[in-house]
Amino acid sequence: KLYRVNTKTKKKQLILYKKSWWDFNNITVYKGYIYCIAERDAGDDTYIYRVKTDGTNGKLLGKGENLVLYGGKLYYKCDTDKNKAIYRMNLDGSGKKLIKSATSIYSFEIYKSNIYYSTLYNIYKVDINGKNNKRLFYLLDEESDKAMFSIYGGNIYYNRYDYNEGVTSIYKYNLSSKKFSKVISNASGFDVSNGYIYYTTSSENKESIYRSKISTGKKYLITKKSYIYSAHLEGDYILYKSPGPTQHENTRLSIIKCNGKENTKLADFFAS
């Protein structure tokens, strides 16, 4: 099921229902259409999927993941038997073009007409036409698919495991000065927006979602739970998953405003 939620009233509306097993994620809304990643069967390949915001005219545009909409085009990652590659296509699925291939590409972000992508140990930069490929820095961590989470204000923000401290911390790499700096210790970042870094942290058998103001370093608690499975920033709101009320409904999806207000349960469901 694919829903939309009114952020003022918190009422949800069913947009699309599939009788067979479908999973939707990486959702983007643009000019009357929903673009997302769809997995049609558990363990199956993932596809780029487009459907109107009223749930009609659904169409699989092709295999892919890590969907990014930039400049009116869809950029995505696709795996083959021999390598992984970043592609671009039109909004209707036509005009597919290979941008960059490599033996490993875990994730990518687009910033100022350049694609920044992570491999097993490195972060690279290539322009949106696949030219001028350049290695920027060594990751020092095999968790490359989770490392780079945002590019903001001329900095790449990424998570790195500090072996000396035994925790994951947030670092940044300045694209102009090429200097590194640790931003927040014992934290795992998931987005940077409007002057704030959004991250999760663990302490005293609790997990919390915080935001930290970049200019001052002051942190603000958004919410605290026994465990937080995932968090996603969208505009002025965060969607996050935490433990559900029972073993049958073991996961709860909630929405909360970035200032910590309007924390609202959307659904309890079973997640294996």
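These are my notebook entries on strands, sheets and selected residues in a predicted model.

**Entry 1. Strands 8, 9 and 10**

I began with the pairing around strand 9, which covers residues 84-89. Strand 8, residues 73-79, pairs with strand 9 in the antiparallel sense, and I noted 6 bridges between the two. I then looked up Tyr-75 and found that its bridge partner in strand 9 is Arg-88. Strand 9 is also joined to strand 10, residues 97-102, by 5 bridges, and this pair runs antiparallel. I followed Arg-88 into that second pairing, where its bridge partner in strand 10 is Lys-97. Arg-88 is thus recorded as a partner of Tyr-75 and of Lys-97.

**Entry 2. The sheet of strands 11 to 14**

I next traced an open sheet of 4 strands, in the order 11-12-13-14, with antiparallel pairing. Which strands form its edges? I found strand 11 (107-111) and strand 14 (134-138), each of which pairs on one side only. On average, neighbouring strands of this sheet are turned by 25° against each other, direction ignored. Looking closer at one edge, I noted that strand 13, residues 122-127, is joined to strand 14 by 4 bridges and that the two run antiparallel. Within that pair, Asn-122 has Tyr-138 of strand 14 as its bridge partner.

**Entry 3. The sheet of strands 23 to 26**

I then turned to another open sheet, whose 4 strands follow the order 23-24-25-26 with antiparallel pairing. Its edge strands are strand 23 (230-234) and strand 26 (264-269), each pairing on one side only. Neighbouring strands here are turned by 20° against each other on average, direction ignored.

I examined the pairing of strand 25, residues 251-257, with strand 26; 5 bridges join them, and they run antiparallel. Thr-251 has Phe-269 as its bridge partner in strand 26, while Ser-254 stands opposite Lys-265 in that strand. I also looked up the connection: strands 25 and 26 form a hairpin with 6 residues between them. In the turn, Gly-260 has a positive phi of about 90°.

**Entry 4. Arg-211**

I located Arg-211 in strand 21, residues 206-213. How far away is the nearest side chain of opposite charge? That side chain belongs to Asp-236 and is 7.1 Å away; Arg-211 is buried yet has no salt bridge. A salt bridge would require a distance within 4 Å between the side-chain nitrogen and a carboxyl oxygen.

I then searched for polar partners of Arg-211. Its side chain makes a polar contact of 3.3 Å with the side chain of Tyr-198. The side chain of Arg-211 also reaches the backbone oxygen of Cys-258 at 3.4 Å. Leaving aside neighbours within four places in sequence, I listed the contacts of Arg-211, among them Tyr-196, Tyr-199, Lys-218, Lys-219, Tyr-220 and Asn-259. Tyr-198 and Cys-258 are in that contact list as well.

**Entry 5. Ile-34**

I placed Ile-34 in strand 4, residues 33-39. Is this residue buried or exposed? Ile-34 counts as buried because its relative accessibility is 7%, under the 20% limit. Not counting residues up to four places away in sequence, Ile-34 touches Leu-2, Ile-15, Ile-27, Thr-28 and Val-29, and its further contacts include Tyr-49, Val-51 and Thr-53. I also checked a pair separated along the chain: Ile-34 and Ser-104 are 70 residues apart, and their C-alpha atoms are separated by 28 Å.

**Entry 6. Asn-155**

I found Asn-155 in strand 16, residues 155-162. Asn-155 is buried, since its relative accessible area is 8%. A polar atom of its side chain lies 3.2 Å from the backbone oxygen of Gly-153. Apart from its neighbours within four places in sequence, Asn-155 is in contact with Ser-150, Lys-172, Tyr-173 and Asn-174.

**Entry 7. Ile-184**

I closed with Ile-184, found in strand 18, residues 180-184. Its relative accessible area is 13%, and Ile-184 is therefore buried. How far apart in space are Ile-184 and Ile-170? I recorded 5.1 Å from C-alpha to C-alpha, with their positions 14 residues apart in sequence given as the separation. Setting aside neighbours within four places in sequence, Ile-184 is in contact with Ser-169, Ile-170, Ile-197, Tyr-199 and Ser-212.

Notes. Residues are numbered from 1 along each chain as its sequence is written. This is a predicted model: local features need pLDDT of at least 70, side-chain atom pairs count only at pLDDT 80 or more; totals for chains, interfaces and linings use all residues. Side-chain values use heavy atoms; hydrogens and water are left out. Two strands pair if DSSP finds at least two bridges between them. Axes are lines fitted to C-alpha atoms, for helices over the stretch in contact, and angles run from 0 to 180 degrees between N-to-C directions. Buried means under 20% relative accessible area, exposed over 50%, partly exposed in between (1.4 Å probe, protein chains only). Contact means heavy atoms within 4.5 Å. Lys and Arg count as positive and Asp and Glu as negative; His and the chain ends are not counted. A polar contact is a pair of N or O atoms within 3.5 Å; within protein, one must be able to donate a hydrogen and the other to accept it, and residues adjacent in sequence count only if both atoms are side-chain atoms.
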